[in-house]
Amino acid sequence: MASITAGGMHMPKLGLGTWGMTGAACTDAVLRALGHGYRHIDTAQMYGNEDAVGAALARTDVARGDIHLTTKVWWENLQPDAMRRAMDDSLRKLRTPYVDLYLIHWPAPDMDLGATLGQMVRFQEQGLARHIGVSNFTVALLRQAIEEIGAPIVCNQVEYHVNLEQSRVLAYLRAKGLALTAYCPLGRGGLARDRVLARIAGRNGVTAAQVALAWLFGQDGVAAIPKAARDENQLANLAALDLRLDADDLAAIAALPKHERLVDPTGFAPAWDSPG
Ligand SMILES: NC(=O)c1ccc[n+]([C@@H]2O[C@H](COP(=O)([O-])OP(=O)(O)OC[C@H]3O[C@@H](n4cnc5c(N)ncnc54)[C@H](OP(=O)(O)O)[C@@H]3O)[C@@H](O)[C@H]2O)c1
């Protein structure tokens, strides 16, 4: 599968998102995805499904070393002691001695970013996290982490899809050689019903959801983690890796509304970058 390289990390461009799936249904979805050829799984402490993902990792025939596994520490646990407990708990539930990528799930309004990133670096030095990164970081926060603190982060996972501009964050990450992982790449499923995408899909003999994903996969340094419980969706999303959009398709997508942020929690979301 196509992958991106950032700061020594190799990460498949397509991952399976798992938010909203728990228990046996989650284990089953992860197992089927691995069977179809997925090699990148995205979970988080907060999703309450690391145990279910761990059950799939324990049962699959795919070697652990062939799977890129991401998990995240919740923003209320960013003090070094709490992070240590969170990491221990995640690894126990995931039934693995390490994760490939450990992310700060959200910046906390009152965090000591230097201390938090210091603990992330220790996780890496201890071999518990192969690589470290952040999620929902703005350019200002990325600058602080990279240029002031000097943290060796390799990735920022943010909401990114055809209806949400992220050009400032993407330009900054590219300039630093880092990866952007797109969450909600299908707009929580709503983009499967978008009329402009459906027209492009018709021209290409694919679906609107596949067009939404191909638009992301076509961008350097960008991975996407659509959540798909259903087999047909898992397979369609894999096939989207082979879809190439032409200049007319890209122009039609460029003209779509670009300010539709779906995930913006009250109380801890950062002051987002202005678009463009
Ligand atoms: N870091 C963060 O703060 C953060 C925030 C949100 C999400 N995430 C991560 O990003 C992942 C993806 O985001 P998301 O789950 O919110 O939304 P999403 O991936 O944009 O959309 C998921 C929805 O799309 C449907 N779908 C999947 N493939 C499809 C296809 N080919 N055609 C039509 N429908 C399709 C799924 O249906 P079925 O499941 O029924 O197949 C599901 O209802 C999450 O699962 C999570 O791992 C991270």
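A residue is near a molecule or strand if its C-beta atom, placed from the backbone, lies within 6 Å of it. Keep that rule in mind for the tour.

This is a predicted model, where local features need pLDDT of at least 70, side-chain atom pairs count only at pLDDT 80 or more, and totals for chains, interfaces and linings use all residues. Residues are numbered from 1 along each chain as its sequence is written.

**Stop 1: the ligand.** Select the ligand and its surroundings. You will find 28 residues around the ligand. G17, W19, G189, A209 and K227 are the closest. The shell holds 13 nonpolar, 11 polar and four charged residues. Here Ala, Val, Leu, Ile, Met, Phe, Trp, Tyr, Cys and Pro count as nonpolar, Asp, Glu, Lys and Arg as charged, and the others, Gly among them, as polar.

**Stop 2: helix 9.** Select residues 231-239, which form helix 9. Helix 9 gives the most to the shell around the ligand, with three residues. Helices (H or I, at least four residues) and strands (E, at least two) are DSSP runs, numbered from the N terminus.

**Stop 3: helix 1 against helix 9.** Add residues 23-36, helix 1. Which residues of helix 1 meet helix 9? They are R32, A33 and H36, and they meet D231, Q234, L235 and L238. Contact means C-beta atoms, placed from the backbone, within 7 Å. The residues of this contact divide into three nonpolar, two polar and two charged.

**Stop 4: R230.** Select R230, in the loop between strand 10 (222-224) and helix 9. Now add T18: the two C-alpha atoms are separated by 12 Å, though the residues are 212 apart along the chain.

Technical notes: Axes fitted to C-alpha atoms, helices over the stretch in contact; angles between N-to-C directions. Contact = placed C-beta atoms within 7 Å.
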